[in-house]
Amino acid sequence: MTRASDSKNWTLYVLQTVDDFYYTGITTDLERRLKEHFSQGKKSARYLKAHPPKKLVFNFTVEGHSLAL
């Protein structure tokens with residue numbers, strides 16, 4: 001049985017933080033997710049609130065949630 005999330009395109013991305021750490025995430029909407037992270041809003045990742053993102057260093061789109069993970 002295939003889940004609906006496995007039929008979508010997912011993007012794996014890596015952000016460099018201001019203190020030179022790296023954060024990896026996955027999303028179906030990279031532009032929206034980056035806005036959430038860089039705005040430090042309610043939907044930003046907890047890790048990135050402590051280590052604010054500096055820049056996107058890598059992204060790669062794949063078909064399916066499982067492959068992105």
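How many residues sit between β1 and β2 in their hairpin? There are four, and one residue in that turn, Asp20, has a positive phi of about 60°. Keep in mind as you look around that this is a predicted model.

Let's start with strand β1, which covers residues 9–17. Seven of its nine residues are buried, so this strand is mostly covered. On one side of the pairing story is β2, residues 22–27. β1 and β2 run antiparallel and are joined by six bridges. If you want to find one of these bridges, go to Gln16, whose partner in β2 is Tyr22.

β1 also pairs with β3, the strand made of residues 53–63. This pairing is antiparallel too, and it extends over nine bridges. Pick out Leu12 and you can trace the link across to Phe60, its bridge partner in β3.

Now for the rings. The model has two aromatic pairs. One of them brings together Tyr13 and Tyr23, with ring centres 6.4 Å apart and planes at 50°, so the pair counts as tilted. Tyr13 belongs to strand β1 and Tyr23 to strand β2, so this pair ties together parts that are 10 residues apart in sequence. Both Tyr13 and Tyr23 are buried.

Tyr23 has another ring partner, Tyr47, and here the pair is stacked: the centres are 6.1 Å apart, with 15° between the planes. This pair links distant parts of the chain, since Tyr23 is in strand β2 while Tyr47 is in helix α2 (residues 46–50), 24 residues away. Put the ring pairs together and you get a cluster of Tyr13, Tyr23 and Tyr47.

Are Tyr23 and Tyr47 covered in the same way? What is the relative accessibility of Tyr23? It's 17%, and because buried means under 20%, Tyr23 counts as buried. Tyr47 comes out at 34%, which lies between the 20% and 50% cut-offs, so Tyr47 counts as partly exposed.

Finally, take a look at the surface. Tyr22, Val57, Phe58 and Phe60 make a nonpolar patch there of about 400 Å². Strand β3 gives the most to this patch, with three residues, while Tyr22 has its place in strand β2. You've already met two of these names: Tyr22 is the bridge partner of Gln16, and Phe60 is the bridge partner of Leu12. So as you turn the model, you can follow both bridges from β1 out to residues of the nonpolar patch.

Note on methods: Residues numbered from 1 in each chain as written. Predicted model: local features only at pLDDT ≥ 70, side-chain atom pairs only at ≥ 80, totals over all residues. Heavy atoms only, no water. Patch = residues over 30% accessible without salt bridge, like charges linked within 9 Å, V, L, I, M, F, W, Y side chains within 5 Å. Areas by Shrake-Rupley, 256 points an atom, 1.4 Å probe, with all protein chains shown as cover. Salt bridge = Lys/Arg side-chain N within 4 Å of Asp/Glu carboxyl O. Helix = DSSP H or I, 4+ residues; strand = E, 2+ residues; numbered from the N terminus. Buried < 20%, exposed > 50% of the residue type's maximum accessible area, 1.4 Å probe, protein only. Pairing = 2+ DSSP bridges. Phe/Tyr/Trp six-rings, centres within 6.5 Å; stacked < 30°, edge-to-face > 60°.
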